[in-house]
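Please walk through the structure shown below, starting with the chain as a whole and then turning to a helix pair, a sheet and a hairpin.

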Amino acid sequence: MHDVFISYSRRDAAIVRDLHQALAARGRDTWVDWNDIHPSAQWLREIEIAIGNADAFVFVLSPDALASDICGKELACAVRYGKRLVPVVCRDVDPSTVPETLARLQWIFLRSSAELDGAVDHIVRALDVDLSWLRTHTELLGRARTWDESGRDLSKLLRGAALQEAETWLADASGREPSPSGLHHRFVQASRRHEGARLRRLLAVSSVTLVLLAVLATWANIERSRAERNEAISKARSLGAQAELSRLERGALIERAGLLAVEAMRRLPSIEHDASLRRALAVLPQTHFLIAGSGELAFGPQRPRPALLAGDEPLLVHSDENDILIRNLGSNRILGRLAHETAVRDMVLTADGSRLVSIDVDGAVRVWSFPEGRVVGRLPPAVRGNAIAAYPSGSVVVVGAALQPVGNVVIWLDARDATSIPNPYVSRLDTRIDALRVSHDGVRLALRAGNSVEIIDSVQRRHEARLTHRHPVTDMDFSPDGARFAAASDSAVYLWQIAGGKLERRVANGVNVDSVVFSTRRAELLTAGINGVATLWDAEGYGRIRQFQHQGPVTLARFINDESLVLTASNDGTVRAWDRASGNEITRAVHGVFIADAAHSDDGERVVSVGADGGLRVWSPWPGERLRRLPPSMPRHAMRYTVDGGHVLVRVDRDHWSVGSLDGRELLRVSPPRAVHGVAVSADERLVALALVDNTVQIHRVGSGERLHSLAHRGTVDAMAFSQDGRQFATGTRQEEMLRLWSIESGSLRWQREQGTMVSAVAFSPDGSRVAAALFDKQAFDRSAPKGTAGVALWTSLEGKPVARLAHDHDTKAIAFSPDGTHLVTAGSDRIARVWRIAESRVERELAHQFPVESVAFSSDGRLVATGATDHWVRVWSARTGDELARIHHDDSVAKVRFADDDQSLLVIAGPFVHHHPLHAEALIQMVCARLTRELTVEERQRFLPDEPANTTCPGAQQPQRPIR
């Protein structure tokens, strides 16, 4: 076994030798290949063994290392084995050339001998994070590899206590780095299956012994009970493991994963099963309406047509055989049934929402009043409609049709009275018009027919350009200014300058693209292709910005929700919503079959998706645990929170600032003379304190907005808090390094004490008798400063006398008193939250994260502690034992955590959202079940729950309406 394997280019050997020697001096065993020989199969095998036996993998980044095939193979092996990766930069590299597995990590720089000591310090710290976990990872991987390489010999599997320890380790993997590899999972699961079979044999033997040897009856019963108990625990762990495997195996199995996690949690409540439930809940959407599929896939002319959402109520418009149904989703009442003679091919709603225009497969074009569903008119039988589109404003609709004996024409229709607007346009296209696209300003119109697109001026009714491609055009869109045009065809997206019909660029070469759309807010282009990826492109520089990965061809990609989200549909049976800025998956709706189409409401708050079997689902792209989006701040970085996370400060516009609660209530809106950078709110919400950039703090009365006091300081106020009774107020400053305590009644300063470093947070004990100040590590920004400045200083509120000094190794950022005032939880940059017994200045519990901890909170009964960190994780702990009870991941760094008033749930601010997380098992199960749309199938129950009665896992799961016939 080795502590670390170093992968490097031979051109960097000199600096790697220095690194090797420095690590050896620190007692670290490193494996480095110094031989400059041609790699043979045996040599590669030795390298693979060395990587497998190392706890961590250091990749020395340089242009040569990135270009090296051998270094690439070594990195791939380390990733496959799930090793902890430590990137060390010895020569500057182009970040865009660095593999994603390394690019997302924090880089350590070793570009000269002067950086050697600092780099080694960083490497050693990286190696020592969660060291026992890391070594178990390596040891278990070694046993798994031995089993795998022996042809999966059963004698190499784990059993007994070793298996239970491995399962516990594997179950505790959530949020740990490095995460277990696939081989870890397969090895432990195979061991559990083998052990389960052994236990069943033991049960059988015990039964025979009971009959034959009555004298051993007591012993046999004990062994039977123990075996049955172990079997029950084994079953729960197996279900939990299968839930995780289902989640990782295929995106469309997320609902199966949720169901199995529910079964596991009910049998054995544990942090690992809690984590499985939360991982499913994180992407399961809230479903508003559901229609089951017919079980038969429909393609070609008979494929299910897209549905649409309209109005504020909202209304769902969808096809049912030869009819279009208009359904109120709130009441589930059908408002109208629009009868057609044949199946509906397409339909659009006019921009003013007053008319619905439909085309059936025979080409009949009808106009309906909306939402009443009354026939207003229809085009003459000689007009056989093929395509339809609505203009961006008003009631005008354009129809692409075949008109005998004229040919292919474009007809403009005023849908208010179903009258044709004079002067139809005769197309120059040779084949029928199969799709239309109107520019965003309504000036230009694109006509698609097979391989060709004709652009016309829809105002002057004249031809502008014909854009010809070698293969059929699958999708198309105008740029926001209408000057450029994107067409997906021939394994690429063609970008054209419309004036002159000049080809500007081919994007996404080599990928068959099914969907393309321009952003209307940014210079961006969104494509979707059969390679299973939707890609966001720079529409000016043509570089890739971000990718959104499915497990099957992506057939549709669109911007929704003011373009903050990307909506994608795939043949992997899922429709997904992604955060455009980060690329994180937000929600995932499962159909289980190819997705025929998807659309969204105007406000982006609902999505309707249709499967190829006719199944239809209306759902929210935001997960149910997100209570609300915080209002946007101008600028965004101006958003601030109170120390307890209960209130938020937002800059509304240039002059106005707003203070509100997490549930959306506005307490105060003011126009202060200077910008505001901090906020505090009294416990009774009667007073609000605002810290201004002119070093003053203004105290306002809620309701009237009256300014009661202006408290002057000689430095920036970074921390402030009210006492529980609202009669005292504490402030902490940066440049002055001062803690001050004020009287709210008079606005006078009662005392001030120099802290010797910046004050980052302040808090009062519940009875108001003490005040705590969280302190920065002054050495972090001033090497000449004395050590030991970081930590927490406690003072009496009445006289300002020192009570205790609680030391931290690094900056202290968050503090909270227990409800009885006997304990204090502190946290900061050293990645550890500490629970202190104040009377003894003694640490009782250390609660470890892997990144700096930004927020801490006690539950109202003092039994639980919550911590939130920059690694996006929130953890819930027992304050008495230090046991971790829950681990919850977010898409953004965690700013604040707080318990709800009843301690039944946790409120978390992460990014622009307030999240709501149930804390207790049954509440969590109910929330997951409310998101599920199916039960385990008969086949799944036979596979995962054999010999058990066919009980319902989630009685509260939403049941679909009748299938579309």
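**From the whole chain to its parts**

Of the 965 residues in the protein chain, 55% are buried. The model is a predicted one. Its secondary structure comes to 14 helices and 66 strands. Among contacts between residues at least 6 apart in sequence, 47% join residues at least 24 apart. The protein chain exposes about 40800 Å², and carbon and sulfur atoms supply 49% of that area.

The helix pair comes next. Two packed helices are described by the angle between their axes and the distance between the axes. For α11 and α12, the axes come within 9 Å and cross at roughly 150 degrees. Angles over 145 degrees count as roughly antiparallel, and α11 and α12 are therefore roughly antiparallel to each other. The crossing in which α11 passes α12 is left-handed. On the α11 side the contact is made by Ile-254, Gly-258, Ala-261, Val-262, Ala-264 and Met-265. The α12 side contributes His-273, Asp-274, Ser-276, Leu-277, Ala-280 and Val-283.

Between α11 (254-267) and α12 (271-283) runs a loop that holds Pro-269. Is Pro-269 buried or exposed? Its relative accessibility is 57%, and exposed means over 50%, so Pro-269 counts as exposed. A position far along the chain can be related to this loop: Glu-922 is 653 residues apart from Pro-269, yet their C-alpha atoms are separated by 9.8 Å.

Now to the sheet. Four strands form an open sheet in the order β28-β29-β30-β31, with antiparallel pairing. β28 (513-518) and β31 (544-549) stand at the edges; each has a single partner strand, so one side of each is left without a neighbour in the sheet. From one strand to the next, the twist averages 15 degrees. The partner of β28 is β29 (residues 524-529), and the two pair in the antiparallel sense over five bridges. Within this pairing, Val-517 of β28 stands opposite Leu-526 in β29. In a regular strand the side chains alternate between the two faces of the sheet.

The last stop is a hairpin later in the chain, built from β62 (residues 873-878) and β63 (residues 884-889). These strands pair in the antiparallel sense over five bridges. Arg-875 has Arg-887 in β63 as its bridge partner. Five residues lie between the strands of the hairpin, and Gly-882 takes a positive phi near 80 degrees there.

Technical notes. Residues are numbered from 1 along each chain as its sequence is written. This is a predicted model: local features need pLDDT of at least 70, side-chain atom pairs count only at pLDDT 80 or more; totals for chains, interfaces and linings use all residues. Side-chain values use heavy atoms; hydrogens and water are left out. Buried means under 20% relative accessible area, exposed over 50%, partly exposed in between (1.4 Å probe, protein chains only). Two strands pair if DSSP finds at least two bridges between them. Axes are lines fitted to C-alpha atoms, for helices over the stretch in contact, and angles run from 0 to 180 degrees between N-to-C directions. Contact means heavy atoms within 4.5 Å. Accessible areas come from the Shrake-Rupley method with a 1.4 Å probe; for residues, only the protein chains shown count as cover. Angles under 35 degrees count as roughly parallel, over 145 as roughly antiparallel, 65 to 115 as roughly perpendicular and the rest as oblique. A crossing is left-handed if the near helix is turned anticlockwise from the far one by less than a right angle, and right-handed if clockwise.
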